[in-house]
Amino acid sequence: MSNFPGSLLILNGKSAGDDMLREAIHLLRSEGMDIQVRVTWEKGDAERYVAEAIALGVETVIAGGGDGTINEVASALVHCESDHTPVLGILPLGTANDFATSAGIPETLDKALQLAIVGKAVPIDIAEVNDKTCFINMATGGFGTRITTETPEKLKAALGGVSYIIHGLMRMDTLKPDRCEIKGEDFHWQGDALVIGMGNGRQAGGGQQLCPDALINDGLLQLRIFTGDEILPALFTTLTQPEDNPHIIDGKSAWFEVSAPHDITFNLDGEPLTGQHFSINILPGALKCRLPPDCPLLR
């Protein structure tokens, strides 16, 4: 066990008091594993801790938290300037854990930690918006974005992923589409969108499969647009196939351009970005991540 390389766990502050996690870390340390822990308190902490991890020469940086924490750590790894970038490990501790669930990361702490430390590292893609902000899982726009960003923290803590659906039903009075134009490779659409899902991963909003065919190592983003009055499939599981539903538009491309005559907001794995123009590009194989050998997101 002592031969395993060092790891640094970047832990979301909300999970700092998790006694089971503390016990799991102590157990692994007693078995000879070198695991250091840093706790985030404010935006920018993950970037500083990644820089520290590189200086320490650790092999793996583990993101402990939800989709936002995973994305923040992944983005810092992609943007770091180093000849030896650590591998990303994932410890799902958030409310929805959409990316970790899609990737088949174990739910139990001990198995997830073991995978994060000694699992096989594989190259994966990440998406970059306007040459700056990244997302590892999904960018969502429209009504779904308003729901996920407005759902109260207490409701999420009590009910988990289903809280997004409940809050969505409570806010149906705010239902209105966003007029926009979306271009990609061999793709062009213009109209009113209720929900836009642009996925490197497959699900968002607490388990909604917005981009069910997305892969994280194919160099492409999957796009799904819900138009017209079809908001319910965005809140629940879609009951009909896209080819049978004229209100669902699908596309795939290594890049997308989104333009709107008014401000619209995209949720980038928990990070809201508002504007009238978005340039989204996939960065193929931008980082390495420790994933299960049967990970559904790998081709």
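This passage walks through one helix, the aromatic pairs and a few unusual backbone angles.

The model is predicted, so local features were taken at pLDDT of at least 70 and side-chain atom pairs at pLDDT 80 or more, while totals for chains, interfaces and linings use all residues. Residues are numbered from 1 along each chain as its sequence is written, and side-chain values rest on heavy atoms, with hydrogens and water left out.

Helix α1 covers residues 19-30; helices here are DSSP runs of H or I with at least four residues, strands are runs of E with at least two, and both are numbered from the N terminus. Its 12 residues should span 16 Å at 1.5 Å a residue, and the end C-alpha atoms are indeed 16 Å apart (the expected span is 1.5 Å times one less than the number of residues). Leu21, Ala24, Ile25 and Leu28 are the buried residues of α1, where buried means under 20% relative accessible area, exposed over 50% and partly exposed in between, with a 1.4 Å probe and protein chains only. They take up an arc of only 100° around the axis, which puts them on the same side of α1; the arc is that of the directions from the helix axis to the C-beta atoms. The face turned away from that buried side carries exposed Asp19, Glu23 and Ser30. The cover over the buried residues of α1 includes β1 (7-12), β2 (35-40), β4 (87-92) and α5 (109-118). Just after α1, Gly32 has a positive phi of about 105°.

As for aromatics, the structure holds two pairs, a pair being rings of Phe, Tyr or Trp (its six-membered ring) with centres within 6.5 Å, called stacked if the planes are under 30 degrees apart, edge-to-face if over 60 and tilted for the rest. Phe187 and Phe256 meet edge-to-face, 6.0 Å centre to centre with 90° between the planes. Phe187 sits in strand β9 (residues 187-199) and Phe256 in strand β12 (residues 255-268), so this pair ties together parts 69 residues apart in sequence. Phe266 and Phe278 are likewise edge-to-face, at 4.9 Å and 70°. This pair links Phe266 in β12 to Phe278 in β13 (residues 271-290), 12 residues apart. Both Phe187 and Phe256 are buried, and so are both Phe266 and Phe278.

Two residues other than glycine stand out by their backbone. Asn97 has a positive phi of about 50°, lies in the loop between β4 and α4 (98-103), and counts as buried at 15% relative accessibility. Asp131, with phi near 60°, lies in the loop between β5 (121-129) and β6 (133-135) and is exposed, at 64% relative accessible area.

Note on methods: Contact = heavy atoms within 4.5 Å.
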